[in-house]
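Me: I should like to go through the terms applied to this model and see what each one rests on. Please set the values against the definitions.

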Protein chains: 2
Amino acid sequence: MSTRRMTIGRLAKSAGANLETVRYYERIGLMPAPPRTDGGHRSYLFEHLQRLRFIRRSRELGFGLDAIRRLIALSEPGVQACCEVRDMAREHVASIDARIADLQRLRGVLQKAAADCRNPETSRCPVIEALGG
Amino acid sequence: MSTRRMTIGRLAKSAGANLETVRYYERIGLMPAPPRTDGGHRSYLFEHLQRLRFIRRSRELGFGLDAIRRLIALSEPGVQACCEVRDMAREHVASIDARIADLQRLRGVLQKAAADCRNPETSRCPVIEALGG
DNA sequence: GCTACAACCCGTAGCCGCTACAGGATCAAG
DNA sequence: CTTGATCCTGTAGCGGCTACGGGTTGTAGC
């Protein structure tokens, strides 16, 4: 079943990834090395596409490549590791929260400094002042 | 006035930066090359510290090194460029807003998937499912 | 003055996650 | 059989540092 083959270009496109990214994933062992044609071109199956989509989706959600490696291992059939996966997701949510808080703080500082610029009485640039210049 | 000299170590510490980062900034032309002692050690003045603090603060606020280069040029005395600086700050606020929105979206997806884990009826791990595995 | 040891010097390589070449070989359509 | 798109490998670059290694200098105590 589903013995249709795809070139790396098609695979990449179907998963919304860059072709060289796919080769990169193979090099670092995130994607398995696919079979080749006689001429040496990579020849992918549907399972490769699933894997690549999984990786891309995880990346889009902000997981690092090492975390994705773990997620892949945990998603193997037969591995009962839902709790671990959930914990990883929760940790990740926490780190996202921290980054959001950080960005909101920055935003506040910058916004305030830029807003002061409306005031024509200020002689020195308030943004530069906020930066310590 | 203020002819006190500092070593690179002191400078770095005073600005909360890493020593090698200071050398890196010098290499890429973000910090000026300071005078040297007879033995060849860098010898910094207070103005260097001001500059380094400006850079670090800008970095903390999320500006890239190229943007900081422009900010430094615009903060030179005699340059009346408050509007440009303000525009840079505003652009930066906009990009921060975009990143925050992005992170909040991710957070939503992850949070929802992780929350579904409480439900013991689900056979497949909902987080893995959300990732497309 | 001499010794110890911290602090400095320079250059290079590594980190993450790609991306972009160069210089070829192969594949599919006409 | 030719064209042109796609593929191959290998290497180098991005931003913004950080970490080494192997050497030199600065400084405090004796």
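Me: Why is B:Ala17 called buried?

Reply: The relative accessible area of B:Ala17 is 15%. Buried means under 20%, exposed over 50% and partly exposed in between, with a 1.4 Å probe and protein chains only, so B:Ala17 counts as buried. The model is a predicted one, in which local features need pLDDT of at least 70, side-chain atom pairs count only at pLDDT 80 or more, and totals for chains, interfaces and linings use all residues. Residues are numbered from 1 along each chain as written, chains are lettered from A and ligands numbered from 1 in the order written, and side-chain values use heavy atoms, without hydrogens and water.

Me: Where does B:Ala17 lie, and with which residues is it in contact?

Reply: B:Ala17 is part of the loop joining helix 1 (8–15) and helix 2 (19–27) of chain B; helices are DSSP runs of H or I with at least four residues, numbered from the N terminus. Contact means heavy atoms within 4.5 Å. Apart from neighbours within four places in sequence, B:Ala17 is in contact with B:Ala12, B:Leu52 and B:Arg56.

Me: Why is A:Gly40 called partly exposed?

Reply: A:Gly40 has a relative accessible area of 28%, and this value falls in the range between buried and exposed. A:Gly40 is found in the loop between helix 2 and helix 3 of chain A.

Me: What makes the pair A:Ser43 and A:Arg5 a polar contact?

Reply: Their side chains come to 3.4 Å. A polar contact is a pair of N or O atoms within 3.5 Å; within protein, one must be able to donate a hydrogen and the other to accept it, and residues adjacent in sequence count only if both atoms are side-chain atoms. The pair therefore qualifies. A:Ser43 is itself buried, with a relative accessible area of 8%, and is found in the loop between helix 2 (19–27) and helix 3 (46–60) of chain A.

Me: How do you know that chains A and B have the relation of a two-fold axis?

Reply: A turn of 180° with a shift of 0.0 Å along the axis lays chain B on chain A with an RMSD of 0.1 Å. The superposition is by least squares on the C-alpha atoms of residues with pLDDT of at least 70 in both copies. That is the relation of a two-fold axis. Of the residues of chain B, B:Ile100 comes closest to the axis, its C-alpha lying at 2.9 Å.

Me: What makes the copies meet through the same surface?

Reply: Of the interface residues of chain B, 100% are also interface residues in chain A, so the copies meet through the same surface.

Terms used. Helix = DSSP H or I, 4+ residues; strand = E, 2+ residues; numbered from the N terminus.
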